[in-house]
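Here are my notes on this one, as numbered points. Have the structure open while you go through them.

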Amino acid sequence: MSDVAERVKKIVVEHLGVEEAKVTDTASFIDDLGADSLDTVELVMAFEEEFGCEIPDDAAEKILTVKDAIEFIESHSG
Amino acid sequence: MRRVVVTGLGLVTPLGCGVGTVWERLTQGVSGIRAINRFDVSDLPSQVAGLVPSKDEGAHGFDPDSVASAKDRRRMDDFIVYGLAAAIEAVTDSGWMPTDEESQERTGVMIGSGIGGLPSIADTAVLLKEHGPRKVSPFFIPASLINLVSGHVSIRYGFKGPNHAVVTACSTGAHAIGDASRLIMFGDADVMVAGGAEAAVCRIGMAGFAAARALSTHYNATPTEASRPWDKGRDGFVMGEGSGVLVLEELEHAKKRGAKIYAEIVGYGLSGDAYHITAPAEDGSGGFRAMRNALRNANLSLEQIDYVNAHGTSTPLGDEIELGAVKRLFGDHAYKLTMSSTKSAIGHLLGAAGSVEAIFSILALRNQLVPPTLNLRDPSDNCDIDLAPLVAKERPIRYALSNSFGFGGTNASLIFTAAP
């Protein structure tokens with residue numbers, strides 16, 4: 001698992017209060033991990049904080065799964 | 001008119017959590033007021049408050065994990081957590097947790113707050129200024145809104161009836177009980193979960209009330225002596241926090257399901273001072289009319305009131321004005337009833353005060369025991385009625401009246417009697 005993937009999953013576990021095993025690449029924040037629309041906003045803010053990047057609203061709307069988040073961050077940070 | 005009784009009680013106070021524990025400590029003369037240790041108070045004139053004890057301090061302390069998970073608590077400022085905790089105790093106590101749609105639709109919630117999420121508002125304002133709008137949490141608004149206590153309680157239990165929240169400063173808790181009881185009387189609901197919640201002991205809250213010259217400032221070294229209603233040494237109120245929630249229920253509904261009935265709400269009176277934004281009308285006419293209106297609503301004679309739970313905040317002006325109104329209204333009977341201020345033990349819980357004190361009044365009725373006015377060693381001139389100084393007092397209580405008065409000149413009185 002890449003460093004980014006590990007850090008993304010850690011944030012998801014902390015913010016959504018879910019078991020680590022459930023946070024698979026394909027897990028959907030809303031459908032699989034019990035997040036609501038406010039949780040997803042907060043998750044995106046946490047990713048921004050962790051990776052020092054800015055995730056614009058139109059991009060954030062497309063981040064629906066753990067994998068979406070990892071891919072966006074890997075292609076936009078550093 | 002449909003009659004309304006009380007079938008569940010819940011308390012989170014500076015004396016601890018849980019109705020039994022709080023009542024025991026209150027009537028033993030324990031004080032819940034202490035030096036503030038949660039934030040820097042070195043530059044604040046008032047450095048004491050009635051703080052809800054933590055679970056680390058003993059079995060009477062508050063365990064937030066028992067109310068909601070750490071994740072869910074990010075959506076709630078502390079007043080919501082306290083309100084939800086008191087509501088859970090009250091609902092559990094009442095045994096009313098219906099799962100059928102019709103019963104849920106006949107059950108409502110009306111839990112208010114005086115100020116709401118003041119700590120969140122203060123912290124978020126600083127965050128906004130220092131880091132900009134993108135750092136503002138999506139939970140900031142729902143964590144701060146006053147009606148979100150009612151919202152959370154309804155979501156937790158599926159209560160789909162009237163969902164409302166009172167905001168009348170320090171009369172909030174009393175108005176919530178009175179207004180919720182009328183929703184039951186008028187048939188809008190059969191059961192209402194009603195009360196108030198407050199958690200505004202933070203730097204901006206302490207600074208604001210201090211600036212209004214409302215707080216005690218001379219007892220920072222001796223916190224338990226700071227709240228001293230009617231005593232010559234009083235110098236302002238002591239901030240407090242917590243929540244009091246009651247389950248109110250239509251009498252026949254309660255009887256039919258065999259509910260434990262604590263008391264009946266027989267009178268509710270309201271008034272406005274039309275005088276000043278913070279000071280009570282000098283002649284006490286606002287409080288006088290609230291009490292008179294409650295007596296009229298209850299169709300009682302003056303002589304039937306045996307206990308008055310006073311607003312009694314320990315301010316130089318307010319205490320004597322209220323006592324003057326009681327004397328003027330009750331005449332000779334003022335010298336036969338007993339009045340006490342439980343704010344002497346817990347401080348002023350603002351929007352939660354009225355509902356916490358309503359619960360104390362109900363427990364006084366049930367136990368025929370008046371909780372004491374602590375620190376009342378040297379009463380002011382004219383404070384010559386029985387104010388239950390220092391120790392709890394056993395006496396017959398047929399009807400108990402509870403007063404709440406708020407900034408803006410908003411007054412409410414409630415009258416309770418034993419279960420029918």
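1. Start with the surroundings of Cys170(B). In this predicted model, and leaving aside neighbours within four places in sequence, Cys170(B) is in contact with His311(B), His348(B), Leu350(B), Gly351(B), Ser404(B), Phe405(B) and Gly406(B). So how does it rate, buried or exposed? Cys170(B) counts as buried because its relative accessible area is 7%, and the cut-off for buried is under 20%.

2. As for where to look, Cys170(B) sits in the loop that runs between β6 (163–164) and α8 (172–185) of chain B. The UniProt entry, which is unreviewed, puts its "active site" annotation on Cys170(B).

3. Glu250(B) deserves a look too. It lies in strand β9 of chain B, residues 242–250. Glu250(B) is buried, yet has no salt bridge. Which side chain of opposite charge is nearest to Glu250(B)? That would be Arg2(B), 4.6 Å away, and a salt bridge has to be within 4 Å.

4. What does the side chain of Glu250(B) reach, then? The backbone nitrogen of Glu252(B), at 3.3 Å. Not counting residues up to four places away in sequence, Glu250(B) touches Arg2(B), Arg3(B), Ile184(B) and Asp190(B).

5. Over to chain A. The unreviewed UniProt entry annotates Ser37(A) as "modified residue: O-(pantetheine 4'-phosphoryl)serine". Ser37(A) lies in helix α2 of chain A, which covers residues 37–51.

6. Now the interface. The contact takes 15 residues from chain A and ten residues from chain B. The area buried between the two chains is about 1,000 Å², and carbon and sulfur atoms give 45% of that area. On the chain A side, Leu38(A), Glu42(A) and Met45(A) supply 43% of the area buried against chain B, more than any other three residues.

7. On the charged and polar side, the count between chain A and chain B is six salt bridges. Lys135(B) forms a salt bridge with Glu49(A), with the closest N and O atoms 3.0 Å apart. There are also seven residue pairs in polar contact across the interface, both residues being at pLDDT 80 or more.

8. Which elements give two or more residues to the side of chain A that touches chain B? They are α1 (3–16) and α2 of chain A. The largest share comes from α2(A), with seven residues. That brings us back to Ser37(A), since α2 is the helix in which Ser37(A) lies.

How values were computed:
Residues are numbered from 1 along each chain as its sequence is written. Chains are lettered from A and ligands numbered from 1 in the order in which they are written. This is a predicted model: local features need pLDDT of at least 70, side-chain atom pairs count only at pLDDT 80 or more; totals for chains, interfaces and linings use all residues. Side-chain values use heavy atoms; hydrogens and water are left out. UniProt positions are given in the numbering used here, feature names are shortened, and annotations may be inferred rather than shown by experiment. Helices (H or I, at least four residues) and strands (E, at least two) are DSSP runs, numbered from the N terminus. Buried means under 20% relative accessible area, exposed over 50%, partly exposed in between (1.4 Å probe, protein chains only). Contact means heavy atoms within 4.5 Å. Lys and Arg count as positive and Asp and Glu as negative; His and the chain ends are not counted. A polar contact is a pair of N or O atoms within 3.5 Å; within protein, one must be able to donate a hydrogen and the other to accept it, and residues adjacent in sequence count only if both atoms are side-chain atoms. Buried area is the accessible area (1.4 Å probe) that two parts lose on being put together, summed over both.
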